[in-house]
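Trainee: I would like a close look at a single part of this model, the protein surface that faces the DNA. Please take the strands in turn and then go on to the helices behind that surface.

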Number of protein chains: 2
Amino acid sequence: MNEPTTREREDQADAWFHALADRTRRDILRRVLAGEHSVSTLARSYDMSFAAVQKHVAVLERSGLLTKRRQGREALASGDVEAVRSVGVMLTELEALWRGRISRMDELFASDTGTDTDTQTSTDTTTSTQKD
Amino acid sequence: MNEPTTREREDQADAWFHALADRTRRDILRRVLAGEHSVSTLARSYDMSFAAVQKHVAVLERSGLLTKRRQGREALASGDVEAVRSVGVMLTELEALWRGRISRMDELFASDTGTDTDTQTSTDTTTSTQKD
DNA sequence: CAAACATACAACTGATCGGTTGTACGTTGT
DNA sequence: ACAACGTACAACCGATCAGTTGTATGTTTG
């Protein structure tokens with residue numbers, strides 16, 4: 001596995017936070033973190049169609065917060081606690097930015113010297129959609 | 001201030017994660033956590049209209065991740081690190097659910113005798129939006 | 001084998017989202 | 001006074017979202 005680019009990290013973050021931004025999905029995640037559940041077992045817990053719940057599970061799976069394994073006709077879903085931790089790390093990085101202004105690091109890197117920034121993904125700095 | 005209801009906590013979580021689920025908003029949040037910025041200063045950093053950025057700031061403000069103060073004609077935005085921490089706590093609670101099945105605590109309190117083995121998830125017990 | 005079960009996905013619909021332009025209003029500088 | 005600046009909000013538009021129903025396919029079980 002390669003170091004993820006800034007773009008890939010942002011895509012991942014989009015997927016994580018989008019997945020978490022729905023209370024049904026958060027509830028599903030809580031259940032599958034506490035233990036494996038089949039999709040239909042999960043579906044029975046909510047006042048909506050099976051298809052709706054199945055799509056919520058699919059969103060969680062695509063984001064990486066949940067994994068599925070097949071057992072016969074059932075699909076057993078488990079929460080991926082490592083992914084949850086990664087989201088937490090992302091927030092910790094935000095806090096760090098508040099404490100110490102990490103973003104200054106880029107300027108220090110970029111402004112002089114050979115700039116052998118193997119960690120940094122070239123072009124843009126910490127972020128994304130700048131204009132100039 | 002009263003204890004927030006489950007409903008209010010979920011509404012808050014919806015707002016937090018929705019606000020974080022957009023990379024422009026995450027970028028804005030990074031900047032205002034690192035230091036105060038006026039809305040138009042922020043707007044100049046992105047390749048979109050002032051109104052678009054202003055709306056992003058408004059979303060962050062409504063979620064509580066950002067606060068604004070007025071100084072003359074400018075609106076100075078600051079990231080609220082306490083809110084960021086609260087989001088982190090919410091994720092930690094998810095992790096805890098994985099580690100120990102917190103929801104069982106009630107039973108342990110009620111039933112006495114620490115006879116816990118692996119305690120697998122039988123029915124559900126966990127949280128909110130059940131059907132029946 | 002046939003019926004019931006579990007899953008997956010396509011097609012549709014109303015609601016929300018992320019962007020736009022335009023307008024209105026208070027503040028600042030000349 | 002007035003022009004430029006900074007902010008806020010309304011109205012609009014295409015895209016995505018969260019739900020629905022329906023259909024197809026594989027897996028148990030009687």
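Mentor: What follows goes through the surface near each DNA strand, then the contacts between helices of the two chains, and then one buried residue.

The model is predicted. Start with DNA strand D, which has 22 residues around it. The closest of these are A:Ser49, A:Lys55, A:His56, A:Gly72 and B:Ser40. Of the atoms of DNA strand D that come within 4 Å of the protein, 69% belong to sugar and phosphate.

Three polar contacts to DNA strand D can be described individually. B:Ser40 has a backbone N or O atom 2.5 Å from a phosphate oxygen of the strand. B:Lys68 places a polar side-chain atom 3.1 Å from a phosphate oxygen of DNA strand D. With B:Arg73 the partner is a base: an N or O atom in the side chain of B:Arg73 is 3.2 Å from a base oxygen of DNA strand D.

Which elements give two or more residues to the surface near DNA strand D? From chain A there is helix H4 (50-63), and from chain B there are helix H3 (39-44), helix H4 (50-63), strand S2 (66-71) and strand S3 (74-79). H4(A) gives the most, with four residues. By class, the surface near DNA strand D is made up of seven nonpolar, seven polar and eight charged residues.

Now turn to DNA strand C, with 22 residues around it. A:Ser40, A:Ala75, B:Ser49, B:Lys55 and B:His56 come nearest to this strand. Sugar or phosphate supplies 70% of the atoms of DNA strand C within 4 Å of the protein, and bases supply the rest.

Here, too, three polar contacts can be listed by residue. A polar backbone atom of A:Val39 is 3.3 Å from a phosphate oxygen of DNA strand C. A:Ala75 also uses its backbone, with an N or O atom 2.8 Å from a phosphate oxygen of DNA strand C. A:Gln54 uses its side chain, where a polar atom lies 3.4 Å from a phosphate oxygen of the strand.

For the surface near DNA strand C, at least two residues each come from helix H3 (39-44), H4, strand S2 (66-71) and strand S3 (74-79) of chain A, and from H4 of chain B. H4(B) has the largest share, four residues. The classes near DNA strand C are seven nonpolar, seven polar and eight charged residues.

Before the helix contacts, a word on the make-up of chain A. Chain A has six helices and three strands, and their order along the sequence is α-α-β-α-α-β-β-α-α. Of its 132 residues, 39% count as buried. Among contacts in chain A between residues at least 6 apart in sequence, 52% join residues at least 24 apart.

Next come the helices that meet across the two chains. Helix H2 (residues 23-34) of chain A packs against helix H5 (residues 81-100) of chain B at an angle of about 30°, with the axes 7 Å apart. H2(A) is therefore roughly parallel to H5(B). In this contact, A:Leu29, A:Arg30, A:Leu33 and A:Ala34 of H2(A) meet B:Leu94, B:Leu97 and B:Trp98 of H5(B). The residues there divide into six nonpolar, no polar and one charged.

Helix H5 (residues 81-100) of chain A and helix H2 (residues 23-34) of chain B have axes that come within 7 Å and cross at roughly 35°. A:Leu94, A:Leu97 and A:Trp98 of H5(A) meet B:Leu29, B:Arg30, B:Leu33 and B:Ala34 of H2(B). This contact has six nonpolar, no polar and one charged residues.

H2(B) also meets helix H1 (residues 6-20) of chain A, where the axes come within 10 Å and cross at roughly 105°. H1(A) is therefore roughly perpendicular to H2(B). On the H1(A) side the residues are A:Arg7, A:Glu10, A:Asp11, A:Ala13, A:Asp14 and A:Phe17, and on the H2(B) side they are B:Arg23, B:Arg26 and B:Arg30. By class, this contact has two nonpolar, no polar and seven charged residues.

The last item is A:Glu95, in helix H5 of chain A. A:Glu95 counts as buried because its relative accessibility is 11%. Apart from neighbours within four places in sequence, A:Glu95 is in contact with B:Val81, B:Val84 and B:Arg85.

Methods
Residues are numbered from 1 along each chain as its sequence is written. Chains are lettered from A and ligands numbered from 1 in the order in which they are written. This is a predicted model: local features need pLDDT of at least 70, side-chain atom pairs count only at pLDDT 80 or more; totals for chains, interfaces and linings use all residues. Side-chain values use heavy atoms; hydrogens and water are left out. A residue is near a molecule or strand if one of its heavy atoms lies within 4 Å of it. A polar contact is a pair of N or O atoms within 3.5 Å; within protein, one must be able to donate a hydrogen and the other to accept it, and residues adjacent in sequence count only if both atoms are side-chain atoms. Ala, Val, Leu, Ile, Met, Phe, Trp, Tyr, Cys and Pro count as nonpolar, Asp, Glu, Lys and Arg as charged, and the others, Gly among them, as polar. Axes are lines fitted to C-alpha atoms, for helices over the stretch in contact, and angles run from 0 to 180 degrees between N-to-C directions. Angles under 35 degrees count as roughly parallel, over 145 as roughly antiparallel, 65 to 115 as roughly perpendicular and the rest as oblique. Contact means heavy atoms within 4.5 Å. Buried means under 20% relative accessible area, exposed over 50%, partly exposed in between (1.4 Å probe, protein chains only).
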